[in-house]
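Got your viewer open? Load the model, keep the selection box handy, and follow along stop by stop.

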Amino acid sequence: GGKDRRSGLILTIPLCLEQTSMDELSVTLDYLLSIPSEKCKARGFTVIVDGRKSQWNVVKTVVLMLQNVVPAEVSLVCVVKPDEFWDKKVTHFCFWKEKDRLGFEVILVSANKLTRYIEPCQLTEDFGGTLTYDHMDWLNKRLVFEKFTKESTSLLDELALINNGSDKGTQQEKERSIDLNFLPSVDPEMVLQTGHELLSELQQRRFNGSDGGVSWSPMDDELLAQPQVMKLLDSLREQYTRYQEVCRQRSKRTQLEEIQQKVMQVVNWLEGPGSEQLRTQWGIGDSIRASQALQQKHEEIESQHSEWFAVYVELNQQIAALLNAGDEEDLVELKALQQQLSDVCYRQASQLEFRQNLLQAALEFHSVAQDLSQQLDGLLGMLCVDVAPADGASIQQTLKLLEEKLKSVDLGLQGLREKGQSLLDQISNQASWAYGKDVTIENKENVDHIQGVMEDMQLRKQRCEDMVDVRRLKMLQMVQLFKCEEDAAQAVEWLSELLDALLKTHIRLGDDAQETKVLLEKHRKFVDVAQSTYDYGRQLLQATVVLCQSLRCTSRSSGDTLPRLNRVWKQFTITSEERVHRLETAVAFHSSAEKILQECPEQPEAFNEIEQFDEIEAVGKSLLDRLTVPVVYPDGSEQYFGSPSDMASAAEHIREKMKLVSLKKQQLRQPEATTPES
């Protein structure tokens, strides 16, 4: 692939340590020099003899051999010497002195100085150049090219013989010639494919760049191979096209005769035994099992027809292929055969499809009817069982299930009507392809059966609806009963929580009269909430009594709910009254104490309020005593407000205020004690 500075081709001869056969080397050189065109040869060759791994005698022999093999074409021989130069024997033979006798110039040069005579881009990596070259790749492509050339040339001769034989003589001679030479020795498609791949590879290497991005010029032998491959491919395509036409004509004549015979076989069977099978099948069955049996019988009939329909499809494709060929002499006959075959097959296929659809519709109708019957049986069984739920949630679930079943029955009946009407419509059209047979009686039996099934399901559904209405009313009342009982129990829980909150959190008595009054007002509102809760529970319990009477049953929970409600309410009332009493006492204590503490001691009327101090102290002591007393309920149980630490905190605040009042009292008595002394 490399070129010298005169555009001549570079021929590299690598020598090795092993013995080199001069005969083989001569043959190889003859072969390589036969590849380039005469134009390329005219530019001359530059031969590189790589003697770095060989002996001097071998190198000298090879150079002298070039004089006999290619003396006219060689313009320069570069002998690449090893790093350790040969011994002095080389001096006994000077190539430059033999230039005239040899016919070319010989240069001894090191590998690293070879670029003085040849550009680096035209040298391979072995000589320090950048030219990309893969010898095995070149060899493989050359073998493919030669194989293709040999096979294509042989195939062209065979195809020409076959095609020329089909163009001569009478019709019988044509057929005999085609029979004798019908198959070539190699597959033309494979040869064409090999040629196209080879051409594509050659063209691709022409335009692709090397890895370094530098454009790579193809070798001259490859450029020379491209037109040869293209010429062979053109010839092959021409002969192969003629060969295919010869085969097509013969195949078409044979196909036409076979088609005529097969068409008559298909038509005779479909109009005879096939039609007779369909004439005997009219019923739809009165159950799922009966419809399935009829479907199975129809599938057997369809299976027999399918074999003939497959023949029809194949024949139709063959006829279409012959019609596309465009031979006018056969068009009329082929179209007549195609039309006759299509009419018979489509008519028979339509009858089979109609029968299949009718049986499928009957099966779906009976299937829906059976499902609806099972749904009605389940709904009736559910209605016949007495309701004994454990709570309102289970009643709601049962009621929801009942409504879902009823809705499912409604949908099932609607679906049955739709399926039945669709089936009746198909039956009414059944006589359109009855081949003249009267099917009125058989159709009437089918119609009566369908209508009878739909009427029976409608009556059963109506009876179930009436029973569902009664059951729904009863269950709704039971839901209300359980709801009232649950709400009443909840009211008791709420009241108990209010009582618990009153005892544990309503502890403070206030730091002054104003705060105590606010607490008293909040307490009254708290009591109003409890009163509303109690009234709500009483109303719910009264409602349970009414519902029990309506359902003629006894409540399971209202019997102990009312005593619980009254007991909790009584405890709350007692506790609330105690809380009110303490708050009112605290208001009186704080009001009196604040009034005394705010008066000035210099006022004369202050000396008349000693008795008020005594009353305040008495109220304070009474309040302190009450804080230590528990709330006693009618059943003898006791409860304290808050924890002992909470009560101690409230009592401590009262004691502090009592100390202030006592101090105020002492201040008022001191003037009385000093007056007599003065």
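How many of the 7 residues of strand β3 (residues 74-80) are buried? Select that stretch: 6 of them are, so β3 is largely enclosed by the rest of the structure. Buried here means under 20% relative accessible area, exposed means over 50%, and partly exposed is in between (1.4 Å probe, protein chains only). Strands (E, at least two residues) and helices (H or I, at least four) are DSSP runs, numbered from the N terminus.

Before moving on, some ground rules. This is a predicted model, where local features need pLDDT of at least 70, side-chain atom pairs count only at pLDDT 80 or more, and totals for chains, interfaces and linings use all residues. Residues are numbered from 1 along each chain as its sequence is written, and side-chain values use heavy atoms, with hydrogens and water left out.

**Around β3**

Add strand β2 (residues 45-50), which pairs with β3 in the parallel sense over 6 bridges; two strands pair if DSSP finds at least two bridges between them. Click V47 and you'll find its bridge partner in β3, V77. Now add strand β4 (residues 105-109), which runs parallel to β3 and is joined to it by 5 bridges. Here L76 has E105 in β4 as its bridge partner.

**Salt bridges**

Next, pick K461 and D410, whose side chains meet in a salt bridge at 2.8 Å, N to O. That term means a side-chain nitrogen of Lys or Arg within 4 Å of a carboxyl oxygen of Asp or Glu. The pair links distant parts of the chain, 51 residues apart: K461 sits in helix α12 (residues 440-505) and D410 in helix α11 (residues 392-428). K461 is buried at 11% relative accessibility, while D410 is partly exposed at 30%. Add E465 to the selection and you have a network of salt bridges with D410 and K461.

Stay on α12 for K444 and D448, another salt bridge at 3.0 Å, N to O. These two are 4 residues apart in the helix, so about one helical turn separates them. K444 is exposed at 52%, and D448 is partly exposed at 39%.

**Last stop: E578**

Jump to helix α14 (residues 558-598), where E578 lies. Is E578 buried or exposed? At 14% relative accessibility, E578 counts as buried. Leaving aside neighbours within four places in sequence, E578 is in contact (heavy atoms within 4.5 Å) with R626, V631 and F641.
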